Structures are given as C-alpha cells and as structure tokens.
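Good morning, and thank you for joining. I would like to take a few minutes to present one structure to the group.

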Amino acid sequence: MKTPLLALTLLPLLTLAQPKPKKAALPAPDKDKQTVLANLDNRFGEYAGISKQIWDFAELGYQEEKSSLLLQEQLKKEGFDVQAGVAGIPTAFVATYGSGKPVIGILGEYDALPGLATEAKPEFTPIAGQKGGHGCGHNLFGTASMAAAVEVKNWLKSTGRPGTVKIYGCPAEEGGSGKVYMVREGLFNGVDVVLHWHPGSQNAADAGTSLANKNAKFRFRGIAAHAAASPERGRSALDGVEAMNYMVNMMREHIPSDTRIHYVITKGGEAPNVVPAFAEVYYYARHKDREVLQSVWKRIENAAEGAAKGTGTKVEWEVLGGVFNLLPNVTLAEVMHQNLKTVGGITYTPDETAFAQKISETFGEGQKVPITNAALVKDFRDASESATSGGSTDVGDVSWTVPTVGLSTATWVPGSSAHSWQSTAASGMSIGQKGMIVAAKTLALTALDLYKSPALIEKARAEWVQKRGQDFKYEALLGDRKPALDYRK
C-alpha cells in the first residue's frame with residue numbers, strides 16, 4: 001500500500017514535533033552523601049572565612065608561610081597527623097588520617113600571583129603595597145580541599161571503615177612546580193587515587209589534558225661602559241637578551257603552531273647611559289607533547305647561546321620549573337562528573353547578580369556569556385585534542401605517578417579569564433566561596449564512591465597503566481635541581 005503524498009509531506013514536520021526524550025533523573029544521594037552535603041553547608045561560613053584569610057595574605061610561591069600554617073592548624077584540630085616542610089619546601093605539607101587501603105590523596109594549593117592585588121569589588125581597585133593577588137583562586141583551592149578531606153575523615157571515623165585520606169599542601173603551583181619536588185620525593189608512593197580541583201568560570205569534570213611546560217631565567221653578562229663616551233669598550237647584556245628574543249620570535253614560524261612561548265624581561269639595566277653589564281629574561285614554553293616541548297626548548301637554548309656569541313656576552317640559564325601534561329583518566333572522570341551533577345552549580349543572590357553583571361561589562365566583545373551559566377554543569381567529554389587546556393599545571397606530574405582526576409567550578413563570573421583582576425575580585429567574595437563549596441562537596445562524594453567500590457579503583461588503575469605504558473619511568477623535566485625557593489624574589 002502506498003503512503004499518501006500528504007503523509008510524506010507531513011512526516012518531517014511530525015518528526016520535528018516529537019518531544020525530546022527527558023534526561024534520566026539523577027539518583028538521590030545516599031545517607032552518607034546527604035550527611036557530607038549537610039555538613040559542608042553548615043560549615044560554609046567557617047570555610048568562607050578561612051579562604052578570605054588566605055586571600056588577604058596573598059602570598060607568592062614558596063612564600064606562603066601564613067597560608068600554609070593556617071591550613072595545617074585547621075587540619076591538626078580535626079585530628080590529622082601533619083608532616084610539615086616536606087620535599088625540602090618549608091611551606092609544603094602532608095596531612096594524614098586513617099590507616100590501611102584504599103589511600104585517597106587530595107591536592108590543595110594556596111599561592112598567589114604577582115601584580116594582581118585588587119579589592120573584592122566589581123571594578124579594578126588596586127591594593128597599595130600588596131605584591132600579589134589570588135587571580136587563580138588558590139585561596140579557595142586549598143580551603144575546599146581541606147574541607148573535603150575533613151568530611152572524608154569524619155565519614156571514615158563514624159563508619160569504622162578501613163582507609164586513609166591524605167591532603168597535600170602544595171605550594172608554588174604558579175611557575176614554581178611545587179608538586180614536582182613532592183613527586184620526586186616519593187610522597188605519592190602507595191596512594192591509590194589523587195583528587196584535585198581548580199577554580200574557574202564554569203562547572204565541569206571531564207577527562208581533558210593540559211600542556212607540558214618548561215621555564216627558565218636566562219641571564220646575560222656583559223661589560224659596563226659609558227654609553228656615550230666609550231661605548232666600544234662595553235658589551236651590552238641587554239643586547240644579548242634582545243637578540244635572543246628576536247631569534248625566538250622568528251622561530252615561532254617554524255615550530256608546531258600549537259606551541260606556546262612567552263617571556264618577560266626581568267632585568268634590563270640600570271640607566272640608559274650605562275651599558276648594561278647584566279640582563280635577564282624569563283621564558284616559558286608549552287606543548288601538549290613533552291617530546292615536542294623538549295625539542296623546542298633545545299632551540300630556545302640554542303638561541304640564547306647564539307645571542308651571547310653574537311653580542312660578545314656570556315649567558316647561563318636556570319631551569320626553574322617543568323611540568324608534565326595531565327594524563328586523563330576516563331574511569332575516574334565519569335565518577336566525578338556524576339557527583340558534580342548531583343551537587344549542581346551555584347545561583348546568585350541579587351547582590352551577587354549585580355556584582356557579576358558589573359564584572360561582565362568589563363569583558364571585551366565576544367567574551368561575554370550569560371552569568372546564569374554558573375548554575376549549569378557542562379556535559380561530560382572524553383580525552384581528545386579538543387579537550388586540551390591552554391594552561392599547564394604541576395598536577396600533570398602527579399597524574400603520571402598515580403591515577404588522578406579533577407574538576408573546575410564556577411568560582412568566577414562566567415566569561416572571566418584566569419590570572420585577571422576580575423578573577424581575583426570574585427575569589428575574595430561570596431561568588432568564589434559558593435563555587436568553593438561545590439568543589440568540596442564533589443571531591444568528598446567522589447572519595448566516598450572510591451572507598452565503597454575498590455573495583456572502581458582497580459578499573460581506573462588498569463586504564464592508567466594502559467595509557468602510561470608498562471615501562472614508563474618518571475624523570476622530572478626540571479632535572480634534579482633543588483626547589484627554586486627564591487624564584488619569586
């Protein structure tokens with residue numbers, strides 16, 4: 001029997017009119033998870049206060065004495081055994097509670113960035129005399145990780161379950177590679193899974209990766225002379241820096257297009273009428289493939305040597321940091337994504353909405369997104385090139401040592417960039433603090449799932465071994481140098 005022509009004509013319209021299938025409702029959290037969620041809500045004010053204290057301290061990498069001590073004191077009050085000054089870093093620590101397997105680690109950070117000191121207001125309001133600001137929200141990072149660890153501790157204690165929770169106090173993530181020294185020291189040996197998070201402008205938990213990074217300060221030494229009366233007797237160290245920069249900038253055309261190279265001249269001389277005897281330039285290079293990064297880095301070193309030879313100066317360099325790309329773990333990411341969906345995003349009060357709208361107005365065209373996105377959780381995505389972050393993190397080295405998973409939450413106004421005054425401002429007020437609690441809840445719930453299901457840990461480890469390779473041997477990109485404790489001085 002033939003289908004009538006009218007029916008054929010209407011078929012596409014009828015198809016379009018069909019209602020979309022509803023997404024399956026999330027299962028209600030069990031009693032253990034409900035208790036964790038309620039406890040974190042009840043202690044919101046306390047944790048918000050701690051994060052604000054660290055925001056006020058705004059201590060740069062390896063100088064986080066007050067921030068580190070504050071977190072350590074809180075953990076000691078909660079019954080954790082705290083080992084301070086680990087891996088040769090005065091502000092690094094490991095806090096432990098419990099015994100036996102599984103062992104779950106949670107990473108915490110608390111270093112600020114230089115040059116981003118602003119008040120927690122929706123307009124740039126510099127804070128006189130303050131060197132840094134929390135433009136990456138690490139005041140929230142360390143606090144949420146501690147809060148999650150405390151809830152895991154409470155659950156282990158109340159249920160009598162075997163298991164160990166460790167929180168790692170990780171300084172100098174911003175260019176100082178603090179976790180690399182902790183990995184190198186063997187502090188993650190015996191840990192089954194590591195959890196982490198990061199402040200951001202959206203709520204997401206996926207299996208993305210990041211860029212490997214290597215950085216160093218290149219120091220040129222020349223000969224001082226009167227720049228007008230006897231310039232022929234001088235050899236300009238600044239010429240060496242500028243010649244190096246020129247060669248590296250020409251090199252950009254002939255390296256993989258997804259490579260990132262950036263630099264700042266940290267020292268260029270004292271006065272125009274004195275030929276500079278010393279100059280320094282600080283370089284970063286990044287790529288998702290460590291082998292490509294190492295190849296590009298060698299060419300940067302060659303440029304430095306060529307610049308010195310051509311300008312009659314001498315050059316030496318100090319590698320200050322180097323981090324691996326993140327090794328994604330889909331098994332763990334799926335678990336964390338489900339818990340983030342259970343927790344949900346954040347909604348703004350009228351005052352927070354007004355703050356967010358003013359912040360959003362400072363963004364350029366094409367950068368504005370609805371501020372209501374803070375309430376959404378992004379769909380899950382698997383590891384792929386499209387899921388590569390433009391940033392770098394020393395969590396990468398941890399992820400090649402132990403199966404690792406992380407998330408981001410909307411601690412900043414949607415559309416905000418990290419390392420900006422806008423993110424600094426939001427990190428110091430209730431918008432950032434609400435996103436911080438979302439992270440603490442998600443970390444704690446994910447930990448509970450792992451303690452209850454050793455099979456998940458086994459599956460995650462099998463995936464990790466397969467991706468990493470059976471014969472993988474860890475070697476830090478920064479070599480065997482001691483922690484660069486003065487890199488921010």
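I shall begin with the domains and their interface, and then turn to details of the chain.

Please bear in mind throughout that this is a predicted model.

The protein chain is divided into two parts. Domain 1 comprises residues 31-210 together with 325-468, while domain 2 comprises residues 212-323. In sequence, then, domain 2 is placed between the two segments of domain 1. Taken over C-alpha atoms, the centres of domain 1 and domain 2 lie 35 Å apart.

Let us now consider the interface. How many residues does each domain bring into contact with the other? Domain 1 contributes 17 residues and domain 2 contributes 12. The area buried between domain 1 and domain 2 comes to about 960 Å², and 40% of that area is on carbon and sulfur atoms. On the side of domain 1, the residues that lose the most area to domain 2 are Gly 175, Asn 325 and Ser 392, which together account for 47% of what that side buries.

As for specific interactions, the rule finds zero salt bridges across the interface of domain 1 and domain 2. It does find three residue pairs in polar contact there, with both residues of each pair at pLDDT 80 or more. Sorted by class, the side of domain 1 that touches domain 2 holds 10 polar, four charged and three nonpolar residues.

I should also mention an annotation. An unreviewed UniProt entry assigns "domain: Peptidase M20 dimerisation" to residues 215-308. Over residues 215-308, the chain is 36% helix and 27% strand, and the end C-alpha atoms are separated by 19 Å.

Next, the salt bridges of the model. The count by this rule is 21. One pair joins the side chains of Lys 452 and Asp 32, with an N to O distance of 3.0 Å. Where in the chain do Lys 452 and Asp 32 lie? Lys 452 belongs to helix α13, residues 430-452, and Asp 32 to helix α2, residues 31-42. The pair therefore links distant parts of the chain, 420 residues apart.

Finally, two points of backbone geometry. The peptide bond from Lys 101 to Pro 102 is cis, with omega near -5 degrees. Pro 102 is located in the loop between β2, residues 93-99, and β3, residues 103-109. The second point concerns Ala 87, a residue other than glycine with a positive phi, near 55 degrees. Ala 87 is found in the loop between β1, residues 81-84, and β2.

How values were computed. Residues are numbered from 1 along each chain as its sequence is written. This is a predicted model: local features need pLDDT of at least 70, side-chain atom pairs count only at pLDDT 80 or more; totals for chains, interfaces and linings use all residues. Side-chain values use heavy atoms; hydrogens and water are left out. Domain bounds come from an automatic or database domain assignment. Contact means heavy atoms within 4.5 Å. Buried area is the accessible area (1.4 Å probe) that two parts lose on being put together, summed over both. A salt bridge is a side-chain nitrogen of Lys or Arg within 4 Å of a carboxyl oxygen of Asp or Glu. A polar contact is a pair of N or O atoms within 3.5 Å; within protein, one must be able to donate a hydrogen and the other to accept it, and residues adjacent in sequence count only if both atoms are side-chain atoms. Ala, Val, Leu, Ile, Met, Phe, Trp, Tyr, Cys and Pro count as nonpolar, Asp, Glu, Lys and Arg as charged, and the others, Gly among them, as polar. UniProt positions are given in the numbering used here, feature names are shortened, and annotations may be inferred rather than shown by experiment. Helices (H or I, at least four residues) and strands (E, at least two) are DSSP runs, numbered from the N terminus.
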